[in-house]
Structures are given as C-alpha cells and as structure tokens.
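Reader: I would like to go through this model with you and ask, point by point, on what grounds each description rests. Could you show me the structure before we begin?

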Amino acid sequence: MEQVDLLILNASQVCVIPSEHGGPQRGSGLGELGLVENGAVAVKNGRIHHTGPTTDLQTRYTAVQTIDANGRAVIPGFVDPHTHLPWFGDRAHEFEMRLAGASYMEIMAAGGGIMNTVRQARQASIDDLVADNLPRLQRMLAHGTTSTEAKTGYGLDTATEIKLLDAMLALHAVQPVEITPTFLPAHAVPAEYQGRTNEYVDLVINDMLPAGAEWMTQHHIQLFFDVFCEAGVFDVPQTRRMMETAVTLGYRLKIHADEFEGLGGTKLAVELGAVSADHLVKTPDADIAALGQGQTIAVGLPGTPFGLGHQEYTPAKKILAGGGALALATDLNPGTCWCESMQMVIALACRYMGLTQAQALAAATLNAAHAIGRGHEIGSLEPGKQADILILDTPDYRQLGYRFGTNLVNTVIKKGKVTINNE
Ligand code: NIG
Ligand code: FE
C-alpha cells in the first residue's frame, strides 16, 4: 500500500470540477463537476494525489491522517478573484445616505465614496492595515475561501498605493489565505486631481506604473493592473493608454467595466488580452460576443448590485450562450459590497444571474482560479493541484446556493493541512 499524508474517506460526493482542455469551463461546458459518489481524496506533499471511490482508495493507500467525511460533500476551496482588500475604516454612513436616496456615483462625485476610504487608508500604517484586514481574511477562510485576489486603489498616490501592496504581503505572511495582488491606482480620480483626469492618467503612466514595476522586480511577483473604466471615472481612451503602458512594463490586465454604463471596456479588455473583465452588468451585446471569441474571463459580482439595492445583474446566460467563460467573486469592499462569503455570492448568482448550483460552484472555484491566472495550481481537485479542500456540512453540494445566511463549510484544508474545523 502506498503511504500518503491525508486521506478523506466516505464523502457522499467529491466534486472534482475538471478543467476543459486545461482551461476554464466555457459556455455550455460550465457546471461539469466530475462528481464521484461515495468518494475519497488522497493528499500527498500538500497536493491532490488521487480522487475516486472510497472503496478503491481505501485499498490503495495508508495515511498519516485520515478524515472520515461521514457522508458529507467535498469540494475545492473557493477562489475569490475580485476583492478590494486591504482597506481601512468603514462607510456605514454612506449606506445610510443611499437608503435615503443618494446614488453611489452621486456620493462619489461629491467627494465621498472611494475618496472617503482613500483618506482613511493614507493615514493608516501597515500595522493598522494588517490589524483591520486580518479578521476579514479569517472570516473568508472560515467561509471556505482558500485563495483570493486583492487590489490597491485606496491610496491614489504613489507612496500609499505601494504601501497597500506591502500590506498585502504582510497579510499573506500571517494567515493561510493566499493573496494574488492587483495594482489599481486608476480606481478613482483623487480629490487633488479633480477636473484634471488626464493629468492623473499621466501620473499613473509616468510614476505609479513604474513604481509598481519596481515592486514586482523587488519581490519577484507579477502584478495585475486594473482600471475602473466607467462614465465619470476613466473613459476607454484613458483606460487604453494606461493598460498599454502596463503591458509594456510586464503587468497582466484586469478591468472594472460596465458596472453602471456600457462604455466598451470589456471589448477593450478582450482586445488587449486581459485575464479578466469584471462587473459586466450593462455590457453591450458586441462586447458579450467578443468575450466568446477571446480568452478574457467574465467575472460576475452579484453581491454588488445586491449591496447597492439595484435590480440588474451580470447577464450570465447571454455570456454563456456566446461561449464566454464566467467566474464569480465577492467584490468585497467597504463601499458597495461588504461580503466575505463566496457562499452568499453563489446564492445570489443562482437567483439573479440564473445559474444552477453546479454552474455557480464551477464559476466560484475552477473558473475563479483562471480569472487570477492560477487555474493550473488551484480551483479543482485534479491530481497535482494544491490540496485546498472543503468538507461541507451537508451531503449534497446543491445545498450551496439553495441555503444562504448560514455557513455550510465544516472543514477547511489548505495545502493539505486542516486549518479550520467549524465543528
Ligand atoms: O468594484 N466600482 C469601483 N470599485 C468598487 C467599489 C469600491 C468602493 O466603493 O470603495 C467596486 O464596486
Ligand atoms: Fe471592484
């Protein structure tokens, strides 16, 4: 018998979530779970070694540690491919203003919104940022998120944007959730550049992007570069200028597009080979068609329209019908969507984006991993991948999405080690 480090036996279901030709599940292919009933998982050296029926794996392996899943479902750890961690402070008063009728963009135009969090983040030390954001990451992990993306964008000056990257490194080092960093100095036009957007774009191009590139060299980490391409923030030509510079400096691309108006940012993202295009609520049909032709992954963030009390969501069915690849994320941020739970996102995606539980699960794991360029390492239980595994508190994965507001994660295994046991 072969010795492994960890054996999980007697799972009612093991959802492997197989890659499609080594890539994300596209279009009508979304929702293939590779489900093994009465399944087991063998883990060796922090990686998935083998998945299959319990009766089979039981006779092949002995293990240092054995977990009896006892009729519960086993799925890959969730990957959250779009968050605005780290931030400092909160904006509960703006939520109150929105409840009284103010719109998100009105609050932003009046100098609040993102700029409010920027003022707080500029004052905060790295220790402050770690203290404020660590509990968020711990809650994410407890709800099954084993890897996440995180964005700067609350600095909007070179020093603070770099400080936010350093805070991500500090957070990455002190807890188990792996953080993939994104540089987002083009999140808003800061107050000191009000009415001078093109000058701020020049600052991003001439000062901030090179500073981020230096950080990449120093830390041997490739950053994503992201832009909030939106009416009243950065238009498509400005976005293109910044993105084209970013590519020459070695960044990979992401975009915030079509959250409030469809400007053509998604089409631009596909043209420039962006890894993902995110939000996509008001996306024009031509841009949806472009997603079906290109490699850019559409990331739906249903927590955001829900958080804003809006009625319109990412047109997932159209995107899938056009052959696009769809992922899900929280958009965790203090303005529009303070939601740490991918389980909640799945519940919203099933109701308002029309996804089945199986489609939402694949979008929140395998496709989410591809949306941060890590699809070859995480996001499924295929042999060789990192052993990031959840044991649910239920025998049927279809309770994800169906139930909401309670945590359905029983055990979180990160890189082959049990890190959370909610029992
Ligand atoms: O993705 N839309 C831009 N950025 C965030 C909100 C950030 C904030 O309001 O602090 C979003 O929704
Ligand atoms: Fe966002």
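Author: In this predicted model, V130 has its place in helix α5, which comprises residues 126–142.

Reader: Why is V130 called buried?

Author: The relative accessibility of V130 is 15%, and the word buried applies under 20%, so V130 counts as buried.

Reader: Which residues does V130 touch, once those up to four places away in sequence are set aside?

Author: V130 touches A167, A170 and L171, where touching requires heavy atoms within 4.5 Å. As for L203, which is 73 residues from V130 along the chain, its C-alpha atom is separated from that of V130 by 28 Å.

Reader: Which residues of helix α4 are buried, and against what do they pack?

Author: Helix α4 spans residues 114–123, and I114, M115, N116, T117, V118 and A121 are buried in it. The buried residues of α4 pack against the helices α2 (92–99), α3 (104–109) and α6 (158–174), and also against β9.

Reader: Where does F234 lie, and what makes it buried?

Author: F234 lies in the loop that runs between β9 (224–229) and α8 (236–248). Its relative accessibility is 0%, which is under the 20% limit, and therefore F234 counts as buried. The C-alpha atoms of F234 and V41 are separated by 47 Å, the two residues being 193 places apart along the chain.

Reader: What is notable about the phi of I17, and why is I17 called buried?

Author: I17 is not a glycine, yet its phi is positive, at about 60°. I17 lies in the loop between β1 (2–14) and β2 (36–44), and because its relative accessibility is 0%, under the cut-off of 20%, I17 counts as buried.

Reader: What value does phi take in L156, and is L156 buried or exposed?

Author: Phi of L156 is near 55°, a positive value in a residue other than glycine. L156 lies in the loop between β7 (145–151) and α6, and with a relative accessible area of 1%, set against the limit of 20%, L156 is therefore buried.

Reader: How do you know that Q25 is buried, and which residues is it in contact with?

Author: Q25, placed in the loop between β1 and β2, has a relative accessible area of 1%, and since buried means under 20%, Q25 is buried. Leaving aside its neighbours within four places in sequence, Q25 is in contact with ten residues' worth of surroundings that include I17, L30, A325, A362 and N367.

Reader: What makes the approach of Q25 to E32 a polar contact?

Author: A polar atom of the Q25 side chain lies 2.8 Å from the backbone oxygen of E32, and the limit for a polar contact is 3.5 Å, so this distance falls within the limit.

Reader: What kind of peptide bond leads from L85 to P86?

Author: The bond from L85 to P86 is cis, with omega near -5°, and P86 itself has its place in the loop between β6 (78–80) and α2.

Reader: Why does H370 count as buried, and what does it touch?

Author: H370 is found in helix α15, residues 366–371. With a relative accessible area of 14%, which is under 20%, H370 is therefore buried. Not counting residues up to four places away in sequence, H370 touches G22, G23, P24, V275, I297 and G375.

Reader: What makes G416 buried?

Author: G416, found in the loop between β15 (409–414) and β16 (417–421), has a relative accessibility of 13%; that is under 20%, so G416 counts as buried. G416 touches L6, V43, G46 and A387, with residues up to four places away in sequence not counted.

Reader: Which side chains have a polar atom within reach of an oxygen atom of ligand 1?

Author: An oxygen atom of ligand 1 lies 3.2 Å from a polar side-chain atom of H256, another such distance is 2.8 Å, to an N or O atom in the side chain of H279, and for D331 the distance is 2.9 Å. Taken alone, ligand 1 exposes 320 Å², and the protein buries 100% of that.

Technical notes
Residues are numbered from 1 along each chain as its sequence is written. Chains are lettered from A and ligands numbered from 1 in the order in which they are written. This is a predicted model: local features need pLDDT of at least 70, side-chain atom pairs count only at pLDDT 80 or more; totals for chains, interfaces and linings use all residues. Side-chain values use heavy atoms; hydrogens and water are left out. Helices (H or I, at least four residues) and strands (E, at least two) are DSSP runs, numbered from the N terminus. Buried means under 20% relative accessible area, exposed over 50%, partly exposed in between (1.4 Å probe, protein chains only). A polar contact is a pair of N or O atoms within 3.5 Å; within protein, one must be able to donate a hydrogen and the other to accept it, and residues adjacent in sequence count only if both atoms are side-chain atoms. Accessible areas come from the Shrake-Rupley method with a 1.4 Å probe; for residues, only the protein chains shown count as cover.
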